[in-house]
Amino acid sequence: MGSSSKDDSGSDAEASSGDKTPSNSSLFSEGERVLAYHGPRIYEAKVQKAELRKKEWRYFVHYLGWNKNWDEWVGMDRLMKHTPDNVLKQQALEKKQGVDKSLKPGRSSQTKPKNSTDSKMDKEDPKSNVAKGKKRKSDSGMEKDNLPVEKLVKIQIPSTLKKQLVDDWEFVTQQDKLVKLPRSPNVDDILTKYLEYMSKKDGMITDSIGEILKGIRCYFDKALPVMLLYKKERQQYHDTVKTDVSPSTIYGAEHLLRLFVKLPELLAYVNIEEDTSTRLQQKLLDFLKFLHKNQSTFFLSAYDGSKVSEGKVKGKD
């Protein structure tokens, strides 16, 4: 989702790969309430327009409870009838994803959006990852364990960074574009800049901040090849990251943000005192605010399309 330009490119990509539908009848009608896939989740939506394009039906949908900026054209493969069975499917998917609600825009099955964190990357995403909607949800190659909600550290991802996760997901999985590597600034650079920023802001750096940043770097290096890459990015990883090279020196903010989608489930396996968990949540939120403040500097506004065909040939399953 996002700008109208993404709507067009997304619809073209989907139109070329979607299932063929009868050209003389539309499965969904204007004004109809439906369930729509977006990223790893299913949301309630309303069909605003229905058009026949190149012998395929396209639908302009509005996600109920969300700003019209999220409205977009989608193919029939993204929509389901609003039936009790499909509502149960939606609820089952949400239950499987646990608290991963900020990966995508963070919509829930309710009509009012909840400003909760994911967990496309997003992220999930991100949330996923960066699990993806429908069959895409397994693109990260990871299956989630059912972790108790009370064990999860809640990480509130700012709304603009949630949108960043959505754009990230669309660039890679829908438009077949990759982040050009190596990135500058890379993850190490960003962590160093944050340390400098906090030093100037507070006049001193506490040991806890330094330890948290070391932890973020360690988690990133370990998690990236396992759960932070989309399927289409794996070949690029193998081509770029050598055995003696840390991913944090190659990848940048785009993949670092995906880590924050996964952190709640990763930290669930760590024995953390409640008061320590609260302080950790605040420090992670402060770091996310720093990413948000420097979003235009740290994040790419567009991904590399020149690598797509090369990546497809090498990395196609």
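These legends describe close-up views of a predicted model.

**View A. Helix 7 and its kink at Val261.**
Helix 7 covers residues 253-267. The helix has 15 residues. From first C-alpha to last, helix 7 reaches 20 Å. That is close to the 21 Å expected at 1.5 Å a residue. The helix still carries a kink of about 40°, at Val261. The proline Pro264 follows shortly after the kink. Burial of helix 7 is complete by residue count: 15 of the 15 residues are buried, so the helix is largely enclosed by the rest of the structure.

**View B. Cis peptide bonds in the loop between helix 3 and helix 4.**
Helix 3 spans 159-174 and helix 4 spans 187-202. Pro182 lies in the loop between them. The peptide bond from Leu181 to Pro182 is cis. Its omega is near -5°. Pro185 is also placed in the loop between helix 3 and helix 4. The bond leading into Pro185, from Ser184, is cis too, with omega near 0°. Most peptide bonds are trans.

**View C. Positive phi at Lys54 and Lys55.**
Strand 2 (41-53) and strand 3 (56-63) are joined by a loop that holds Lys54. Lys55 sits in the loop between strand 2 and strand 3 as well. Lys54 is not a glycine, yet has a positive phi of about 50°. Lys55, also not a glycine, has a positive phi of about 70°. Most residues other than glycine have a negative phi. Exposed means over 50% relative accessible area. Lys54 has 80% relative accessibility, so Lys54 counts as exposed. Lys55 has a relative accessible area of 67%, so Lys55 is exposed.

**View D. The second largest cavity and its lining.**
The volume of the second largest cavity is about 40 Å³. Its lining consists of Tyr194, Ile209, Ile212, Leu213, Ile216, Lys283 and Phe287. Helix 5 (207-227) and helix 8 (274-293) each supply at least two residues of this lining. Helix 5 gives the most, with 4 residues. By class, the lining has 6 nonpolar residues, no polar ones and 1 charged. Lys283 is the charged member, because Lys counts as charged.

Definitions and conventions: Residues numbered from 1 in each chain as written. Predicted model: local features only at pLDDT ≥ 70, side-chain atom pairs only at ≥ 80, totals over all residues. Heavy atoms only, no water. Expected span 1.5 Å × (residues − 1). Bend = angle between axes of the 7 residues up to and from the residue. Buried < 20%, exposed > 50% of the residue type's maximum accessible area, 1.4 Å probe, protein only. 1 Å grid on protein atoms, 1.4 Å probe; cavity = no way out; pocket = protein on both sides within 12 Å on 5 of 7 lines; lining within 4 Å. Points joined across faces, edges and corners; volume = space filled by probe spheres on them.
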